[in-house]
Amino acid sequence: MASDRRVLLGVDASVLGRPWRGRLDAAGEAQAMAIAQQTGLPDLLSRVLAGRGVAPDAALGHLDPTLRTLLPEPFALTAMQEATERLVRAIERRETIAIFGDYDVDGACSSAVLAEFFDYCGVPRLIHIPDRITEGYGPNVEAIRALAARGASLLITADCGTTSHEPFAEARRLGLDVVVLDHHQAPEHLPDAIVVNPNRQDDVSGQGALCAAGVAFVALVALNRALRQRGYWRERLEPDLLRSLDLVALATVADVAPLTGLNRAFVVKGLALMKSRGRVGLRALADIAGVSGPPRAFHLGFLLGPRINAGGRIGDAALGSRLMLLRDEFEAAEIAAELDRLNGERQILEKQMLQEALAEAYKQLGPAEEGAYVLTAGEDWQPGVVGLVASRLKELFSRPAFALAFNGDMATGSARSIQGVDLGKAVRAAVERGLIVKGGGHAMAAGVTLRRDQLDTFRSFLEETLAEPVARARAEAGLAVDGLLTASACTPALVEEIEKAGPFGSANPEPVFVLPEHRIVDVQPFGSDHLRLRVQAGDGARLEIAAFRAGQSPLGAALAKAKGERAHLACALSLDHWGGRTKVGARMVDAAFCKPGQNG
């Protein structure tokens, strides 16, 4: 952290225990000024761009990312040419292609993107999305046998398959060729398949940030080009691949892929496509989820994504991909309603499991909350919900968190990490040392399977492995603030200006602004776990701020009894569209109460 990023407003320990610092150091301030001078962009927007590492000569391009300039040569991905050649043969020979997708949003969307293309080509295809409970993650022998029995000669895995040695050995024995389209971190030794994965160790394409749907899209660009070169489209119209960018955008956001470079272009173009509401399944899901106004990354990550995931967590895992491919509005409305119902059940389960997990976590960490990580386990927890519990624990305790569901002697679980701690690497190391049965994932998320008798050893391994990186990450952590505003400055025009730097998400963080020394005039609970604050500036201007999922957090506890207090309030701003009106919506990020006699 740069030494000239001084503590802001004297806040060295907020309600959440964080120091507040301006996002820009001296070099960043100079960069913001250069952006404004060279492009004519407003000062605030220039500061937001500089705070996200955008260079002055790249600023205008950043505001309007294009696939033409950002899409890579597909064959730069290792094994993409071999995969393309095999797919061309399958299409020309009208082979039956089996798609095996993961049970999350990325798996559903990447499966649908592929299926849509094969449908356009008139090629017979099958989709199999495994049941999370009975089949588990990734390809399995029984499912592959069933697909082969239905006539498949080519198996494509979407968002899985990079480590599936045994299932692919069975696929080869049955006469199936296998193409993997994945993005998970890969071991040195790959299974017997054509593995296209920008995160395999011998891939130098630089596209490791793509989700599986992004990899699938790049694969279809290569395939479409190869078919064109072979004259396949001579007597028929080529498919418009850009029509699938709504699904690629949804997967990119829901999988928390970095919203930079090509991913950002995918999401910008995908959101623009969603405005037309042309995809029947997405329209039905958006309507039942209450999406209002132009679609935003927030809607994808917090309204649409969780409902698709609910099918894989506690219901029929195939509902998501099926919904994305539907053209019948009545059937789409039925599936969307079912996913919405399952999401409601998931929320109830998550709340119950979180209560149990919190009790265990507080006991584990002790009054001083010491320890590099949190690991909780339940005997009858729903395996499809443990990832959400791990995410909440990570948010509440600001350290990596694991949540495990035991079934007899075996446990399956999920983990979530904090910025700067590579959890996927730690889990892979545990697998390589034989400390757990299996595991893998990304820097920020991982999955594990272990026996009951391995739990204590795994705990010791985690403490030993994570102690140093977690301590370093937490020491460097703090709230990066993009600027100071008053309530009166928070206008729709200002938010529209800020949102030009979006969509915001992983690696392109949502701007945070502080309202200095505002009085909290009212605090009211709403929903199951939220608070609504009304705050007032010194000039009398007022703003409403929502503190979501704050009920069980230190922030919520402090705000609930803060009526009448003066505080510095850190918020993220957005536009709310409701009933034909547009107003500014503010979401609480952190707070620091003013000390007596403080002048802001």
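Me: Which residue takes a positive phi in the hairpin of β15 and β16?
Reply: That's G540, with phi near 95 degrees, in a hairpin that has five residues between the strands. Bear in mind that this is a predicted model: local features need pLDDT of at least 70, side-chain atom pairs count only at pLDDT 80 or more, and totals for chains, interfaces and linings use all residues. Residues are numbered from 1 along each chain as its sequence is written, and side-chain values use heavy atoms, with hydrogens and water left out.

Me: What makes β15 and β16 a pair?
Reply: Two strands (DSSP runs of E, at least two residues, numbered from the N terminus) pair if DSSP finds at least two bridges between them. Residues 530-536 (β15) and 542-547 (β16) run antiparallel with six bridges, so they pair. R534 stands opposite E544 in β16.

Me: How do you know that β16 pairs with β18?
Reply: Two bridges join β16 to β18 (residues 581-593) in the parallel sense, so the requirement of at least two is met. Here I545 stands opposite A586 in β18.

Me: Why are α5 and α9 called oblique?
Reply: Helices α5 (residues 80-92) and α9 (residues 212-229) pack at about 60 degrees, with axes 9 Å apart. That angle is not under 35 (roughly parallel), over 145 (roughly antiparallel) or 65 to 115 (roughly perpendicular), so the pair is oblique.

Me: Which residues of α5 make the contact with α9?
Reply: M80, T84, L87, V88 and I91 of α5 do (contact means heavy atoms within 4.5 Å), and their partners in α9 include V215 and L227.

Note on methods
Helices (H or I, at least four residues) and strands (E, at least two) are DSSP runs, numbered from the N terminus. Axes are lines fitted to C-alpha atoms, for helices over the stretch in contact, and angles run from 0 to 180 degrees between N-to-C directions.
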